[in-house]
Amino acid sequence: WSQVVSEAEKIVGYPTSFMSLRCLLSDELSNIAMQVRKLVGTKHPLLDTARGFVYDSRNNLQMRGLVILLISKAAGPSTAELSFQHNMVSGIYSSQRSLAEITELIHTAFLVHRGIVNIGELKSCDGPLKDMQFGNKMAVLSGDFLLANACTSLAQLQNTKVVELISSAIGDLVQGIYYENSKSSEENCLTDDIGISTWKEQVFLSHSALLAKSCQAAMELAKHSAEIQDMAFQYGKHMSMSHKLHSDLQPFVKESSSDTMAFSLNSAPAVLHQEFLGREAWIKQIRELQEAIKAGKGVTSAIDLCRQHGSRALAALECFPPSEARAALANIVYAVTRFP
């Protein structure tokens with residue numbers, strides 16, 4: 001994965017770790033960073049989120065912006081925009097680079113907001129209440145600041161359709177995250193009773209909508225046809241679905257000496273296993289769930305599903321002419337659909 005990302009960054013012209021650099025160097029965010037430093041020594045999850053921005057190169061938090069730049073370069077200018085090619089740098093319009101930054105800011109804002117702690121569920125071992133309350137204030141304010149910057153930059157693109165697309169993606173994110181959290185505090189709620197079709201709908205909202213609609217918006221900025229826009233949307237949707245499935249599968253396919261590797265009961269292998277097994281038997285097996293899933297059909301079905309989405313993402317790329325950027329987009333799919 002790291003090699004694929006590194007090679008893709010060379011194609012688009014600069015490391016996407018600098019995607020949000022202009023925002024991160026602003027006086028306002030510097031002040032926020034100073035306030036966040038006061039959380040050092042506490043157990044507030046906002047600190048882990050902040051550390052992740054610096055250290056989490058393995059998961060590559062800037063993946064979304066990179067994909068937008070790559071698909072912009074792969075598509076190139078439309079016939080309607082040939083006269084404006086002098087505005088392109090490395091085959092990408094400045095407005096498309098701005099869109100990539102906007103998408104990363106939105107994603108980062110939601111990551112920060114996810115770090116808000118439910119005060120009512122805190123225990124004495126979680127640390128002083130005042131620390132958690134202060135951390136929550138910082139998570140709300142810094143997340144809102146990033147989102148406000150993204151919306152301001154979005155308006156400056158002066159494209160109504162793009163504004164509508166990204167605004168609807170923000171709405172999808174809110175809806176998806178709300179559903180994720182709506183039952184998390186219910187007592188005795190081991191896992192939702194959902195099928196794989198419902199799981200796909202929820203994952204699209206919370207993980208795929210932003211990238212899919214941003215890819216479509218990048219094509220709109222270059223005045224590409226509705227067909228090209230749809231293919232870009234399909235690539236973003238199915239590649240991000242593969243990415244999520246790949247992540248869900250790691251506790252079950254990764255060879256590790258630890259038998260207690262964390263996994264979600266609403267991950268794809270668990271949901272598929274539940275469908276094959278039936279709800280009642282699923283509840284009985286809950287304490288031995290990870291081993292049961294490894295031995296059942298959930299893992300292999302999730303791998304197949306991951307590869308199906310990968311194939312559809314690759315099929316969407318066929319409408320773009322062969323290029324380094326298209327090859328890099330394909331390599332991203334290969335990286336998240338390869339299993340031992």
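A residue counts as buried when its relative accessible area is under 20%. In this predicted model, that cut-off shows how helix H9 sits in the fold: 21 of its 26 residues are buried, so H9 is largely enclosed by the rest of the structure.

Helix H9 covers residues 196–221 and carries a kink of about 65°, centred on Ser-208. Just after the helix, Lys-223 takes a positive phi of about 65°.

Helix H6, residues 94–113, can be checked against its expected length. At 1.5 Å a residue, its 20 residues should span 28 Å, and the end C-alpha atoms are 29 Å apart, which agrees. Burial is the other point to note for this helix: 16 of the 20 residues of H6 are buried, so the rest of the structure largely encloses it.

These two helices belong to a protein chain with 15 helices and two strands. Of the 340 residues in the chain, 49% count as buried. The accessible surface of the chain comes to about 17,100 Å², and carbon and sulfur atoms account for 53% of it. Contacts can also be sorted by separation in sequence. Among those between residues at least 6 apart, 77% join residues at least 24 apart.

The nonpolar interior comes next. The largest nonpolar core has 59 residues, and the members that touch the most others are Val-67, Leu-70, Ile-106, Tyr-235, Met-239 and Phe-320. Helix H5, residues 63–75, gives the most to this core, with nine residues. Val-67 shows which parts of the chain meet here. Leaving aside neighbours within four places in sequence, Val-67 is in contact with Leu-211, Cys-215, Tyr-235, Met-239, Leu-329 and Ile-332. A second core, separate from this one, has 21 residues, among them Trp-199, Val-253, Ala-302 and Ile-303.

The cysteines remain. A disulfide is a covalent bond between the sulfur atoms of two cysteines. The test applied here asks for a pair of cysteine sulfur atoms within 2.5 Å, and by this rule the count comes to zero disulfides. Two of the cysteines can be placed by the burial cut-off. Cys-306 has a relative accessible area of 0%, so this residue is buried. Cys-319 has a relative accessible area of 29%, so this residue is partly exposed.

Terms used:
Residues are numbered from 1 along each chain as its sequence is written. This is a predicted model: local features need pLDDT of at least 70, side-chain atom pairs count only at pLDDT 80 or more; totals for chains, interfaces and linings use all residues. Side-chain values use heavy atoms; hydrogens and water are left out. The bend at a residue is the angle between axes fitted to the seven residues ending there and the seven starting there. Helices (H or I, at least four residues) and strands (E, at least two) are DSSP runs, numbered from the N terminus. Buried means under 20% relative accessible area, exposed over 50%, partly exposed in between (1.4 Å probe, protein chains only). Contact means heavy atoms within 4.5 Å. Accessible areas come from the Shrake-Rupley method with a 1.4 Å probe; for residues, only the protein chains shown count as cover. The expected span of a helix is 1.5 Å times one less than its number of residues. A nonpolar core is a set of buried Ala, Val, Leu, Ile, Met, Phe, Trp, Tyr and Cys residues joined through side-chain atoms within 4.5 Å.
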